[in-house]
Amino acid sequence: MALLRAREVIMAHFRPMLARHDITEQQWRVLRVLAEAGPLEATELANRASILPPSLTRIIKAMEERRFISRDKVKNDGRRALLAISPAGLALIEDLSPERIAIYDAIERRYGAEQHEHLLDLLESLIQSESSENQT
């Protein structure tokens, strides 16, 4: 419950920014993952963005319609597709960057740089330990 409450506290800072640009939290995660990782197949994108595959299917459709992402067939395997962020998607991330950075900076100032860094390290450690546990 503490992790869920913490997520809600942090997302409360970001939701108004996303709403002003008519982007859902899930769509934002898809854009961020594709911007950071490059083109991915849907299964990997769903895993990295923490989105259930059926939900991702709807999100992909909406984002393709808005031209934020593109879909290209994998060479030599027409059944598989790679999803990539488009120039419009990159432009949206760039447009939101100053506000996003300001939100992160305000959070860091509130808790102190050292505590903020420690929290991020702890969360990354939790993620890594759970990821390796699920792979065994």
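This is a guided walk through the structure above, from the whole chain down to single residues.

The model is predicted, so to speak of local features a pLDDT of at least 70 is needed, side-chain atom pairs count only at pLDDT 80 or more, and totals for chains, interfaces and linings use all residues. Residues are numbered from 1 along each chain as its sequence is written, and side-chain values use heavy atoms, with hydrogens and water left out.

Let's begin with the overall picture. The chain's secondary structure comes to 6 helices and 2 strands. Here helices (H or I, at least four residues) and strands (E, at least two) are DSSP runs, numbered from the N terminus. Following the sequence, you will meet them in the pattern α-α-α-α-β-β-α-α. The C-alpha atoms fill a box of roughly 50 × 40 × 20 Å, taken along the principal axes.

How much of the chain is buried? Buried residues make up 30% of the 136 residues, where buried means under 20% relative accessible area, exposed means over 50%, and partly exposed lies in between (1.4 Å probe, protein chains only). The chain exposes about 9400 Å², and carbon and sulfur atoms supply 55% of that area; accessible areas come from the Shrake-Rupley method with a 1.4 Å probe, and for residues only the protein chains shown count as cover. Contact means heavy atoms within 4.5 Å. Among contacts between residues at least 6 apart in sequence, 50% join residues at least 24 apart.

Charges come next. There are 19 positive and 21 negative side chains, and the centres of the two sets lie 7 Å apart. In this count Lys and Arg are positive and Asp and Glu negative, while His and the chain ends are not counted. The place of a charge is taken as NZ of Lys, CZ of Arg, CG of Asp or CD of Glu.

Now find helix H1, residues 2-20. H1 has 19 residues and reaches 28 Å from its first C-alpha to its last, close to the 27 Å expected at 1.5 Å a residue; the expected span is 1.5 Å times one less than the number of residues. At Ala 12, H1 bends by about 40°, and a proline, Pro 16, follows within four residues. A bend at a residue is the angle between axes fitted to the seven residues ending there and the seven starting there. The buried residues of H1 are Met 11, Phe 14, Met 17 and Leu 18, and the buried residues of this helix pack against helix H2 (25-37) and H5. After H1 comes Asp 22, with a positive phi near 55°.

One residue of H1 deserves a stop: His 13. Because its relative accessibility is 29%, His 13 counts as partly exposed. His 13 touches Ile 103, Ile 107 and Arg 110, leaving aside residues up to four places away in sequence. His 13 and Pro 98 are 85 residues apart in sequence and 14 Å apart in space, C-alpha to C-alpha.

Moving along the chain, Ser 50 sits in the loop between helix H3 (42-49) and helix H4 (53-65). Ser 50 has a positive phi of about 55° although it is not a glycine, and at 62% relative accessibility Ser 50 counts as exposed. Arg 67, in the loop between H4 and strand E1 (69-74), also has a positive phi, near 65°, in a residue other than glycine. Arg 67 counts as exposed at 63% relative accessibility.

In the loop between strand E2 (77-85) and H5 you will find Ser 86. Is Ser 86 buried or exposed? With a relative accessible area of 9%, Ser 86 is buried. Not counting residues up to four places away in sequence, Ser 86 touches Arg 67, Phe 68 and Ile 69.

This brings us to H5, residues 87-111, whose 25 residues reach 35 Å from first C-alpha to last, close to the 36 Å expected at 1.5 Å a residue. Where does H5 kink? A kink of about 50° lies at Ser 97, shortly before the proline Pro 98. The buried residues of H5 include Ser 97, Ile 103 and Ile 107. Following H5 is Gly 112, with a positive phi near 90°.

Our last stop is His 116, in helix H6 (residues 113-135). His 116 is buried, at 16% relative accessible area, and touches Ile 107 and Glu 108, not counting residues up to four places away in sequence.
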